[in-house]
Amino acid sequence: MSDLDLGVSTVSTEQTLLDSDHLTTHAVCLGMTGSGKTGLGIVALEELAASKIPLLIIDLKGDMVNLLLNFPDFRPEEFRAWLPPDSKQSADPHAAAEAAASLWKEGLARSGITPARMLQSKSGLRWQLLTPGYASGAPLDILPSLSAPKGWAPGTDPDGTRQRVDALVSGLLSLIDRGGDPLSDPDHVLLASIILAKWERGDELDLAGLLAAVMNPPIDTLGALPLETFYPRDRRM
């Protein structure tokens, strides 16, 4: 990373280098709007990617997705799809794409970032964009399946199975601010019993299926009590 000479407000030729081993604890980047926080973050992440250090980037603002715009060959056609709308609608979109590619190439060269280094960042990791609620990228579903784990069979590790189901149910109920003691809370007991019954029957289960099963459970009793005594249908509704 190049240093800014504050005396003359120009970028110096000296660089500041930080060993990636130092990035093993918390850090925070503070600065005024437009001061370069996002740019610093992107550069740091690119350097980590080039060193093949795994990254999990949670981007609520939509800035870090620019990490995927890495074009070491600087071909104009690679830039064209990402130009601002007014550039795409110009009289010569290809010329606008060529200008963007040239601008990036010259700017990166001034910062000492070579195409080879860009390729290292691009190929250092297998980049994947997860997009909750959107079809672009890889859609992310927090509850892709509630079915039994692959290879699980009835009677397999009953204590471990119960712990897994209890953790799953606790997570589900926390989403609606409900739940409690796994042994006595009616919501927890009901959902855990339904999930276990579905697993033992080999049924596929997702959130929609679980909601339907709350209305029409695959069980008649909960412990020594009839289901309708322990948790009547009107309450389940």
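Me: In which loop does Asp 157 lie?

Reply: In this predicted model, Asp 157 belongs to the loop between α5 and α6 (158-174). Its backbone deserves attention: Asp 157 has a positive phi of about 45° although it is not a glycine.

Me: Is Asp 157 buried, partly exposed or exposed?

Reply: The general idea is to compare the relative accessible area with two cut-offs: under 20% counts as buried and over 50% as exposed, with partly exposed in between. Asp 157 has a relative accessible area of 49%, so it is partly exposed.

Me: Which residue in the loop between α1 and α2 has a positive phi although it is not a glycine?

Reply: That residue is Phe 74, with a phi of about 55°; it is found in the loop between α1 and α2. Phe 74 has a relative accessible area of 10% and is therefore buried. Asp 59 lies in the loop between α1 and α2 (76-80) as well, but Asp 59 is partly exposed, at 29%. Leaving aside neighbours within four places in sequence, Asp 59 is in contact with Met 64 and Val 65.

Me: How should one read the burial pattern of a helix, and which residues of α5 are buried?

Reply: An α-helix has 3.6 residues a turn, so residues three or four places apart point the same way. In helix α5 (residues 115-124), the buried residues are Met 118, Ser 121 and Gly 124. They cover an arc of only 140° around the axis, which means that they sit on the same side of α5. The face turned away from that buried side carries the exposed residues Ala 116 and Ser 123.

Me: Against what do the buried residues of α5 pack?

Reply: Their packing partners are α1 (37-50) and α4 (93-110).

Me: How does one read a pocket, and which residues are closest to the centre of the second largest one?

Reply: Rolling a probe the size of a water molecule over the atoms shows where empty space is left. Here the second largest pocket holds about 730 Å³ of space. It is lined by 22 residues, and those closest to its centre are Ile 57, Ile 58, Gln 128, Leu 129 and Leu 130. By type, the lining of this pocket comprises 17 nonpolar, 3 polar and 2 charged residues.

Me: What do the totals for the chain show about its secondary structure and burial?

Reply: The secondary structure comprises 10 helices and 4 strands, and 26% of the 237 residues count as buried. The chain exposes about 16,400 Å², of which carbon and sulfur atoms supply 57%.

Definitions and conventions:
Residues are numbered from 1 along each chain as its sequence is written. This is a predicted model: local features need pLDDT of at least 70, side-chain atom pairs count only at pLDDT 80 or more; totals for chains, interfaces and linings use all residues. Side-chain values use heavy atoms; hydrogens and water are left out. Helices (H or I, at least four residues) and strands (E, at least two) are DSSP runs, numbered from the N terminus. Buried means under 20% relative accessible area, exposed over 50%, partly exposed in between (1.4 Å probe, protein chains only). Accessible areas come from the Shrake-Rupley method with a 1.4 Å probe; for residues, only the protein chains shown count as cover. The arc is that of the directions from the helix axis to the C-beta atoms. Contact means heavy atoms within 4.5 Å. On a 1 Å grid over the protein atoms alone, a cavity is a set of points where a 1.4 Å probe fits but cannot get out, and a pocket is an open set with protein on both sides within 12 Å along at least five of seven lines; lining residues have an atom within 4 Å of a point. Grid points are joined across faces, edges and corners, and a volume is the space filled by probe spheres set on the points. Ala, Val, Leu, Ile, Met, Phe, Trp, Tyr, Cys and Pro count as nonpolar, Asp, Glu, Lys and Arg as charged, and the others, Gly among them, as polar.
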